[in-house]
Amino acid sequence: MNRFRYGAYLLLLVFVLVITGCSNSSEEKSEKTASAKEVKGTTGLSKDEISNEAFKELFPLQYNSYKKNEKMEDTKYNGSVKRSKYDPDKEPLLPVLFNGYGFATEYNEDRGHVYALEDIKDVKRINDKSVGSCYTCKSTAVPQMIEEMGDDYWGANFRQEIWPKGEAMGHSPIGCSDCHDPETMDLRVTRPSFYKALEAKGVDYSNPTKNDMRSYVCGQCHVEYHFAANNSEVTFPWDNGFKPADMYEYYNTIAKENGFEKDWVHNISGAPMLKAQHPEFETHASGTHGKANVSCADCHMPYERVDGKRKITSHYWTSPLKTMDTACGQCHGDRDLDKLKDRVTEIQDATVNALHEAQDISTSAHYYINKMITSGVSPDKIKQAQEFVRKGQWFWDIIAAENSSGFHNPQGSMDSLRESVVQSNNAIRLATEELVKKGVSIEELTSEIEKAKTAVQAESVNDKKKDHAINSYFPAQQPVAKK
């Protein structure tokens with residue numbers, strides 16, 4: 001009996017040694033390293049590590065999925081191919097709507113996060129006056145820079161100080177340390193504007209859940225913002241809420257009281273304008289999935305099996321339409337995914353059609369106001385029309401700048417675009433009444449507007465499109481001095 005037990009023990013020992021030997025294969029090493037380093041406090045990295053490559057050996061599976069962001073692929077309405085947003089099939093009138101602002105010179109489709117540094121450095125909107133805030137959501141060096149420079153970071157010159165400093169620090173494009181503590185790999189928010197905005201909105205963020213953090217890390221950058229008047233600090237307009245009307249009210253009250261009135265003065269209408277950024281966090285929070293407590297990562301970073309074995313969170317930040325089995329299928333397993341994709345496309349088609357309608361009406365409104373100015377209509381009436389066009393374009397742009405083409409909040413998006421049409425038409429109606437009194441031919445005006453739109457769209461050189469928005473009939477309008 002003892003001899004049997006001893007033999008069994010030897011057999012078990014041999015089995016253990018064989019298993020241990022097998023684990024030395026490169027594949028098993030990868031899995032062992034990735035799992036071991038996920039234990040809190042065991043990475044061995046410095047708390048100040050900002051190089052994405054420093055995480056490669058420790059987390060090879062996640063790193064490889066992150067590198068997929070280099071793929072140049074598109075869905076119907078979104079993707080990562082570098083091209084102008086002035087595409088005739090997408091947003092052909094942007095050089096008119098943003099006339100007098102940098103976005104009229106160059107405004108491109110959003111590319112993958114791995115191109116963030118390349119794109120911000122090369123885009124023609126960056127000039128000798130650009131400030132540090134423009135760099136805030138592009139580089140892993142930003143948190144450390146803010147810690148070192150304090151509030152001086154925001155207004156520092158982009159080209160002369162911020163970019164050289166980032167290069168010297170060995171910055172990476174948006175990556176690991178932006179969302180993870182390098183020492184523990186805990187999720188974290190690294191951009192202070194996010195928590196400041198939640199506090200102003202009255203949200204208690206002192207003890208967020210992991211699910212909260214799976215949206216917070218995205219929400220620190222995928223948001224609407226402006227640069228504070230006193231120091232250019234990135235500031236979110238959330239005091240009154242996340243909806244377009246809430247944020248517009250913020251800009252007309254709180255922001256104005258703090259010295260911020262506008263992003264630029266429109267070169268055609270002379271109106272003080274607001275430029276919406278990319279409010280995915282706000283739009284999602286007000287939509288069906290957000291209200292159901294579905295996080296950003298649930299759809300855009302779904303779990304995946306690597307080599308059919310290890311389960312990881314994908315770091316391929318892309319449209320869920322490219323990964324429907326894992327992104328959508330986890331919750332909608334009872335649905336035909338092809339039909340579900342068709343439904344998404346239907347929503348986006350309807351939103352984009354409404355977007356183009358609102359875009360066209362807003363464009364016309366700017367030209368009507370231009371004619372009010374050149375025809376000598378009273379300043380009070382012009383100012384009233386300018387407020388209409390400012391509001392109309394805001395409710396259009398907050399949806400145009402949001403990267404889901406309406407899907408994050410279908411009903412809210414359509415409501416916003418309807419409001420845009422109402423406000424832009426208010427401007428046109430008021431202008432028409434005043435221009436008729438001045439003897440202006442509305443038929444001629446309409447014809448000249450269409451000529452200007454056509455000239456903009458016909459120009460093949462993108463950064464020259466904006467120049468065709470102005471002509472002898474519609475002269476450029478300089479900012480009106482404050483009284």
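I looked up Trp238 in this predicted model and listed its contacts, leaving out residues up to four places away in sequence. Trp238 touches Phe194, Ala197, Leu198, Lys201, Gly219, Val223, Met247, Phe281 and Glu282.

Next I checked where Trp238 belongs. The largest nonpolar core has 88 residues, and Trp238 is among the five that touch the most other members. The others in that group are Tyr135, Tyr153, Trp394 and Trp396. I then asked which helix gives the most to this core. I found that helix H19, residues 379–400, does, with ten residues.

I turned to helix H3, which runs over residues 60–67. Is H3 largely enclosed or largely open? Six of its eight residues are buried, so I noted H3 as largely enclosed by the rest of the structure. The buried ones are Pro60, Leu61, Gln62, Tyr63, Ser65 and Tyr66.

Last I looked at Lys47, which lies in the loop between helix H2 (26–36) and H3. Why does Lys47 count as partly exposed? Its relative accessibility is 48%, and the partly exposed class runs between 20% and 50%.

I also looked for what Lys47 meets. Its side chain makes a polar contact with the side chain of Asp48, at 3.3 Å. Setting aside residues up to four places away in sequence, Lys47 touches Pro182 and Glu183. I recorded the C-alpha to C-alpha distance between Lys47 and Glu183 as 5.6 Å, although the two are 136 residues apart in sequence.

Definitions and conventions: Residues numbered from 1 in each chain as written. Predicted model: local features only at pLDDT ≥ 70, side-chain atom pairs only at ≥ 80, totals over all residues. Heavy atoms only, no water. Buried < 20%, exposed > 50% of the residue type's maximum accessible area, 1.4 Å probe, protein only. Helix = DSSP H or I, 4+ residues; strand = E, 2+ residues; numbered from the N terminus. Contact = heavy atoms within 4.5 Å. Polar contact = N/O pair within 3.5 Å; in protein donor to acceptor, adjacent residues only side chain to side chain. Core = buried A, V, L, I, M, F, W, Y, C linked by side-chain atoms within 4.5 Å.
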